[in-house]
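Visitor: Please take a close look at one part of this model with me, and then connect it to other parts of the chain.

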Amino acid sequence: MSEMLQTAAVTTSDAALLAQTEIAVRTAGSALRERFGDVVRYETREELMSALAVNDDTALDILRPRLAQLRPDAGWVEDELDGGALPPGEWWVVDPAEGNVNHLHALPEWAVTATLVRENRPVLTVVHLPLTGETYTALAGAGAHLDGRPLHVSQTADLGLSIVATSQARPDENEEVVRRVGASITAMLFDALVVRTSVPATLHLANVAAGRTDAFWQFAGARADLLPGALLVTEAGGRISDAEGRPWTPESNSFLAAAPGVHAQAASTLSR
């Protein structure tokens, strides 16, 4: 297990905090569900960014005051595309509309997420899918759950029998990273059974935690993309690292989450 996700000073009140966080995230998800339906048309990057911001603000208007009330002294990560380590203390890492562009295109793959990070380790997370009503939760040291049912990663031990997935790290990625993504997909097409490529990352990671997908990787990446799923996968018995199998932190330039039986094989493929 990555040192990043070793159990972090979890308090006895964290379980109650998780329950209240879930209520806030589900409420924000309901507001976004009411806005879901027709494809939102845009002709310029400015129009796209404006439409994305409306969804973000709809959820943040609910999440920010509620989460701030739960943890008044916690910091707040403003940009869901930011990466790297956080300053000391507690921080809310929130993606108010994970997969926002899918929401605009009337595609179902989107969610609302909130993760509490304490001393740079995720303590609890909630990932809610408003269209299905599914809610994934994880509490450090206490397991991962889907609507209250325990989650377990798959028992697959052969990458050749595995469904694997990757996601676009961020818009306007640099050419080196884009080429690395392409090469990794090609390598996995040779070694894995099925390769899925789509956004957002968090939903792929939820599928790894649930045992539906055997591995997920990504190059670069943002905290809000990876921290919720990293905690879900770890608490469901999976392994996380960078793409070459080394310990992962938010400062790493790659990420791999997998069932233990295929983790080493996936890292070997990605390292070619």
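Guide: A good place to begin is glutamate 244 and arginine 246, whose side chains meet in a salt bridge with an N to O distance of 3.2 Å, the term standing for a side-chain nitrogen of Lys or Arg within 4 Å of a carboxyl oxygen of Asp or Glu. Glutamate 244 counts as partly exposed at 40% relative accessibility, and arginine 246 is likewise partly exposed, at 44%; here buried means under 20% relative accessible area, exposed over 50%, and partly exposed in between, with a 1.4 Å probe and protein chains only. Elsewhere, salt bridges with shared partners join Asp14, Arg71, Glu90 and Arg118 into one network.

Two remarks on method belong here. The model is predicted, so that local features need pLDDT of at least 70 and side-chain atom pairs count only at pLDDT 80 or more, while totals for chains, interfaces and linings use all residues. Residues are numbered from 1 along each chain as its sequence is written, and side-chain values use heavy atoms, with hydrogens and water left out.

In total, the structure holds eight salt bridges. One of them brings glutamate 90 together with arginine 71, their closest N and O atoms being 2.8 Å apart. This pair links distant parts of the chain, since glutamate 90 belongs to strand E2 (residues 90–98) and arginine 71 to the loop between helix H2 (45–70) and strand E1 (75–76), 19 residues apart; helices (H or I, at least four residues) and strands (E, at least two) are DSSP runs, numbered from the N terminus. Glutamate 90 and arginine 71 are both buried.

Another salt bridge runs from arginine 272 to aspartate 191, with the closest N and O atoms 2.7 Å apart. Again distant parts of the chain are linked, arginine 272 lying in the segment after helix H7 (260–270) and aspartate 191 in helix H4 (residues 175–191), 81 residues apart. Arginine 272 is exposed, with a relative accessible area of 64%, whereas aspartate 191 is partly exposed, at 24%.

Turning to the strands, E5 (residues 134–139) is mostly covered, five of its six residues being buried. On one side of the account, strand E4 (residues 121–129) pairs with E5 in the antiparallel sense over six bridges, where two strands pair if DSSP finds at least two bridges between them. Leucine 139 in E5 is the bridge partner of leucine 124, and in the hairpin of E4 and E5, with four residues between the strands, glycine 133 takes a positive phi near 85 degrees. E5 also pairs with strand E6 (residues 143–146), in the antiparallel sense over four bridges, and tyrosine 136 stands opposite leucine 146 in E6.

Aromatic contacts complete this view: the structure holds three aromatic pairs. Among them, phenylalanine 36 and tryptophan 110 form a tilted pair, 5.6 Å centre to centre with 35 degrees between the planes; rings of Phe, Tyr and Trp (its six-membered ring) pair if their centres lie within 6.5 Å, and planes under 30 degrees apart count as stacked, over 60 as edge-to-face and the rest as tilted. Because phenylalanine 36 lies in the loop between helix H1 (14–34) and H2, and tryptophan 110 in the loop between helix H3 (100–104) and strand E3 (111–118), the pair ties together parts that are 74 residues apart in sequence. Phenylalanine 36 is partly exposed, with a relative accessible area of 24%, while tryptophan 110 is buried, at 1%.
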